[in-house]
Amino acid sequence: MTAMGVVNKISRAVRRWKELKKEPLHLEFIVTDYCNLNCRGCTHYSPLARKEFVAIDELKRDMAHLGAVCGSEVEDVYLIGGETLLYPQLDEAMDALRGSFPSQRLYVFTNGLILGRMDDGFWESARRNKAIIAITRYPVKFDYDAVESLCAQEGVEVRVFGDRRQADTFFRFALDPEGRQNKYVSHFKCYNRGCVSVVDGYVYPCSISACIKHLNRTGETKFEHRRGDRIAVGDVRSAAQIKRLRDHAVPFCSYCKNPPKTVAYGLSKREISEWVDKK
Ligand code: SF4
Ligand code: SF4
């Protein structure tokens, strides 16, 4: 590459970094990683997750604290999984999230498969809290148009957030168990950056780090959180603190082989090689 080529590459990188820093903050409250689908390479490791749900009191406490210390600087809040609609106290979770973030866009993420089975309490809570149902479409036999119409009939806004029915529209985020990657390069090339995730009393920069317990529980990996990888919710004092976590490489980034590869959608065989490159 010529000297001019190098200069251009660096200035493009600096421009992109500055743009990323201006991105609005959104917070993803994970309610469960358990799911009724089984997608290979899921970024929440859902195929490995047990049928567990975050305690509603813990969820409410985290929402209340973050809403109080930085709510005005948060643009969107999500309830996310796993399959969010499986969460037993979803109506209450929507109320609590709206109570803590009164003016933010509130999304409930779902693969949509059980939307048709949700009860009146769910729809009433979604309307009351002005929730937006955020559907990701997967290549499974399912009438997505019908559930979108159902949302409209129920008077609840719906948006398709991702359409993964085409070939090669799934990302494989591979991890290096030895942590040999350059964390700055990994972070710069990361597609999961910005997915600030709140779970188990901590704020994480991404779901890859937030949900790693499911992979470690197999006993085949030992990915560790080190100082700087996450912030205890109770220690958060400002949105700037969370933005710093989001916008800078953290030690965990040295596990990530970025950018991720695009791969065809497939079902998980629950093998760690779907997420981990041992070589
Ligand atoms: S539907 Fe989403 S959360 Fe569930 S396994 Fe697939 S990618 Fe993961
Ligand atoms: S740990 Fe860093 S590089 Fe890895 S997914 Fe999260 S933000 Fe991206």
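Q: In this predicted model, what makes up the shell around ligand 1, by residue class?
A: Four of its residues are nonpolar, six are polar and one is charged.

Q: Which residues are these?
A: The shell holds C35, L37, N38, C39, C42, H44, S46, G81, G82, E83 and N111. Glu counts as charged, so E83 fills that class. Gly counts as polar, so G81 and G82 belong there.

Q: What surrounds ligand 2?
A: There are 14 residues around ligand 2, and the closest are C190, C206, I208, C253 and C256. Two or more residues each come from α6 (183-188), α7 (207-210) and β10 (256-263). By class, the ligand 2 shell has eight nonpolar, five polar and one charged.

Q: How do you know that the span of α2 is close to the expected one?
A: Helix α2 covers residues 56-70, 15 in number. The expected span is 1.5 Å times one less than the number of residues, which gives 21 Å for α2. From first C-alpha to last, α2 reaches 21 Å.

Q: What makes L59 of α2 count as buried?
A: A buried residue has 20 or more other C-beta atoms within 10 Å of its own. L59 is buried, and so are D62, M63, L66, G67 and C70.

Q: Why are these buried residues said to lie on the same side of α2?
A: They cover an arc of only 125° around the axis, which puts them on the same side. The face turned away from that buried side carries the exposed residues D57 and A68.

Q: Which elements do the buried residues of α2 pack against?
A: Their partners are β1 (25-30), β2 (74-80), α3 (90-100), β7 (197-199) and α9 (239-247).

Terms used
Residues are numbered from 1 along each chain as its sequence is written. Chains are lettered from A and ligands numbered from 1 in the order in which they are written. This is a predicted model: local features need pLDDT of at least 70, side-chain atom pairs count only at pLDDT 80 or more; totals for chains, interfaces and linings use all residues. A residue is near a molecule or strand if its C-beta atom, placed from the backbone, lies within 6 Å of it. Helices (H or I, at least four residues) and strands (E, at least two) are DSSP runs, numbered from the N terminus. A residue is buried if 20 or more other C-beta atoms lie within 10 Å of its own, exposed if 12 or fewer, and partly exposed in between; C-beta atoms are placed from the backbone. The arc is that of the directions from the helix axis to the C-beta atoms. Two residues are in contact if their C-beta atoms, placed from the backbone, lie within 7 Å.
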